[in-house]
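Here is a short tour of one protein, going from its overall form to its core and then to two individual residues. Have the sequence and the structure at hand as you read.

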Amino acid sequence: MEKPKLRGVLHQFAAVAALGAGGVLVSMAPTPRAATAAALYAVSLVVLFSVSATYHRVDWAPRGRAWMRRMDHASIFILIAGTYTPVALLGVSGAAGDSLLVAIWCGALVGVLQSLFWVHAPKAVTAALAVGVGWTLVPYLDEARQALGAAELSLILAGGVAYTTGALAYALKRPDLRPGVFGYHELFHALTLVGAGLHFAVVLRLVRAAST
């Protein structure tokens, strides 16, 4: 089956934008802790979009395609953990922040291992695992409410909804808006951009508010 014309295009441009925005974010960090958190987040963002664009834009031989598919799925979990890192280090912080950081990276590790070694997992399983790891914040909502402003928490939740909606479109393979051009997979990619944009705004606010 011929892949849609816009498959991977959104993430191709997003990779370039993420590289520039990530560099600016790190340069703004007022402390080593903030710079570390910003750098880990920026790297995870660039990795996700770069791997996705490379996988979807290139016409791979079967063996190469299989490996890139693994890397593409694994990069989703790297982004999730990378996004939570500034929230844990600069937002929630303290014992709860440390616990959140450990929980999210352990969850991401499970997701990466599934992506690399359970290659033919059903899309529903892959999507459910990504959504589950993505909502690791839920047990820490009380601490998050106390540590974060209403704007930051609202942006985090809104971004989570965007990512989850995209995962559902991926798992259900619908709505297939314009088959051959912009289908359900492209909608999934578009919604990752929405989620990433909302979460970038959160990280930006956290980095700027970090104690000097």
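## Overall form

Let's start with the size of the fold. A compact globule of 212 residues would have a radius of gyration near 17 Å, and the protein has 17 Å, which agrees. Please keep in mind that this is a predicted model. Along the principal axes, the C-alpha atoms fill a box of roughly 55 × 30 × 30 Å.

The secondary structure is easy to summarise: there are eight helices and zero strands. Read from the N terminus on, the order of elements is therefore simply α-α-α-α-α-α-α-α.

## Contacts and surface

How far apart in sequence are the residues that meet in the fold? Taking contacts between residues at least 6 apart in sequence, 75% join residues at least 24 apart. As for burial, 47% of the 212 residues count as buried.

On the outside, the protein exposes about 10400 Å², and 69% of this area is supplied by carbon and sulfur atoms. Charges can be looked at too: the protein has 16 positive and 9 negative ones, and the mean positions of the two sets are 7 Å apart.

## The nonpolar core

Now to the inside. In soluble globular proteins, nonpolar side chains tend to be buried together. Here the largest nonpolar core has 45 residues, and those with the most contacts inside it are Leu 45, Phe 49, Leu 100 and Leu 137. At least two residues of this core come from each of helix H1 (9-28), helix H2 (32-57), H3, helix H4 (94-117), helix H5 (123-134), helix H7 (150-172) and helix H8 (184-209). Which helix gives the most to this core? That is H3, with 11 residues.

Leu 137 is worth a visit in the viewer. Setting aside neighbours within four places in sequence, Leu 137 is in contact with Tyr 84, Leu 100, Ala 144, Leu 153 and Ile 156. One of these partners, Leu 100, is itself among the residues with the most contacts inside the core.

## A close look at Ala 81

Ala 81 is found in helix H3, which spans residues 62-92. Is Ala 81 buried or exposed? Its relative accessible area is 0%, so Ala 81 is buried; the cut-off for that class is under 20%.

Not counting residues up to four places away in sequence, Ala 81 touches Ile 104, Trp 105 and Ala 108. For a sense of distance, take Val 138: Ala 81 and Val 138 are 57 residues apart in sequence, and their C-alpha atoms are 15 Å apart in space.

Note on methods
Residues are numbered from 1 along each chain as its sequence is written. This is a predicted model: local features need pLDDT of at least 70, side-chain atom pairs count only at pLDDT 80 or more; totals for chains, interfaces and linings use all residues. Side-chain values use heavy atoms; hydrogens and water are left out. Helices (H or I, at least four residues) and strands (E, at least two) are DSSP runs, numbered from the N terminus. The radius of gyration is taken over C-alpha atoms; the globule rule is 2.2 Å times the number of residues to the power 0.38. Buried means under 20% relative accessible area, exposed over 50%, partly exposed in between (1.4 Å probe, protein chains only). Contact means heavy atoms within 4.5 Å. Accessible areas come from the Shrake-Rupley method with a 1.4 Å probe; for residues, only the protein chains shown count as cover. Lys and Arg count as positive and Asp and Glu as negative; His and the chain ends are not counted. The place of a charge is taken as NZ of Lys, CZ of Arg, CG of Asp or CD of Glu. A nonpolar core is a set of buried Ala, Val, Leu, Ile, Met, Phe, Trp, Tyr and Cys residues joined through side-chain atoms within 4.5 Å.
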